[in-house]
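Subject: Structure for you to look at

Hello,

Here is the structure I said I would pass on. Please open it and keep it in view while you read the rest of this email.

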Amino acid sequence: MNAENAVIGYFHHKHVENLGYLKYGYFRRIIGYVLDYYHEYFIRKIFLSLVEKGFFIKVKNQKKSYKYKFNPNAEKEIKKVIPPERFIITWD
């Protein structure tokens, strides 16, 4: 079992999606605990890989930093869709 599957399995088991939006530091500690390996570069690399695959929803807060929420259904990535009609300008 590779590291990403171990982390995803633990997050599914503990229902981490119910915790809401958290800072990266909380997820860093959990990933370090699951893998029993606390090398920050390796943990950050795993986390960014999971964000890229859609397992985390990234939200910018007022302090210009980000908070993340675990997305157990990575294939169903949540996106805000803005209708294209909103950007059409008519000069009538």
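Below is what was found in it, starting with the overall layout and ending with the aromatic rings.

Please keep in mind that this is a predicted model.

The fold

The protein chain has three helices and two strands. Going along the sequence, their order is α-α-α-β-β. Of the 92 residues in the protein chain, 29% are buried. The accessible surface of the protein chain is about 7,400 Å², and carbon and sulfur atoms hold 53% of that surface. Among contacts in the protein chain with a separation of 6 or more, 44% join residues 24 or more positions apart.

The two strands

Strand 1 covers residues 56-60 and strand 2 covers residues 66-70. They pair in the antiparallel sense, over five bridges. To find one of these pairings on the screen, go to Ile57, whose bridge partner in strand 2 is Lys69. The two strands form a hairpin, and five residues lie between them. In that turn, Lys64 has a positive phi of about 60°.

The salt bridge

How many salt bridges does a search of the whole structure find? The search finds one. The partners are Glu4 and Lys53, and their closest N and O atoms are 2.6 Å apart. Glu4 belongs to helix 1 (residues 3-14) and Lys53 to helix 3 (residues 40-53), so the salt bridge ties together parts that are 49 residues apart in sequence. Is each partner buried or exposed? Glu4 has a relative accessible area of 17%, and because buried means under 20%, Glu4 counts as buried. Lys53 has 47% relative accessibility and is therefore partly exposed, since exposed would need over 50%.

The aromatic rings

A pair of aromatic rings is described by two values, the distance of the centres and the angle of the planes. The count of aromatic pairs here is twelve. One of them is formed by Phe11 and Phe56, which meet edge-to-face, with 6.0 Å from centre to centre and 85° between the planes. This pair links distant parts of the chain, as Phe11 is in helix 1 and Phe56 is in strand 1, 45 residues apart. Both Phe11 and Phe56 are buried.

Phe47 and Tyr68 also form an edge-to-face pair, with centres 4.9 Å apart and 90° between the planes. Phe47 sits in helix 3 and Tyr68 in strand 2, so this pair ties together parts that are 21 residues apart in sequence. Phe47 is buried, at a relative accessible area of 0%. Tyr68 is buried too, at 6%.

Which residues do the ring pairs link into a cluster? The members are Tyr10, Phe11, Tyr24, Phe27, Tyr33, Phe47, Phe56, Tyr68 and Phe70. The two pairs described above involve members of this cluster: Phe11, Phe56, Phe47 and Tyr68.

Charges over rings

Two further places to look at involve a charged side chain and a ring. The charged end of Arg44 sits over the ring of Tyr24, 4.4 Å from the ring centre. Tyr24 is one of the residues in the ring cluster. Lys58 lies over the face of Tyr66, and the distance to the ring centre is 4.2 Å.

Regards

How values were computed. Residues numbered from 1 in each chain as written. Predicted model: local features only at pLDDT ≥ 70, side-chain atom pairs only at ≥ 80, totals over all residues. Heavy atoms only, no water. Salt bridge = Lys/Arg side-chain N within 4 Å of Asp/Glu carboxyl O. Helix = DSSP H or I, 4+ residues; strand = E, 2+ residues; numbered from the N terminus. Buried < 20%, exposed > 50% of the residue type's maximum accessible area, 1.4 Å probe, protein only. Pairing = 2+ DSSP bridges. Phe/Tyr/Trp six-rings, centres within 6.5 Å; stacked < 30°, edge-to-face > 60°. Lys NZ or Arg CZ within 6 Å of the ring centre and 35° of its normal. Contact = heavy atoms within 4.5 Å. Areas by Shrake-Rupley, 256 points an atom, 1.4 Å probe, with all protein chains shown as cover.
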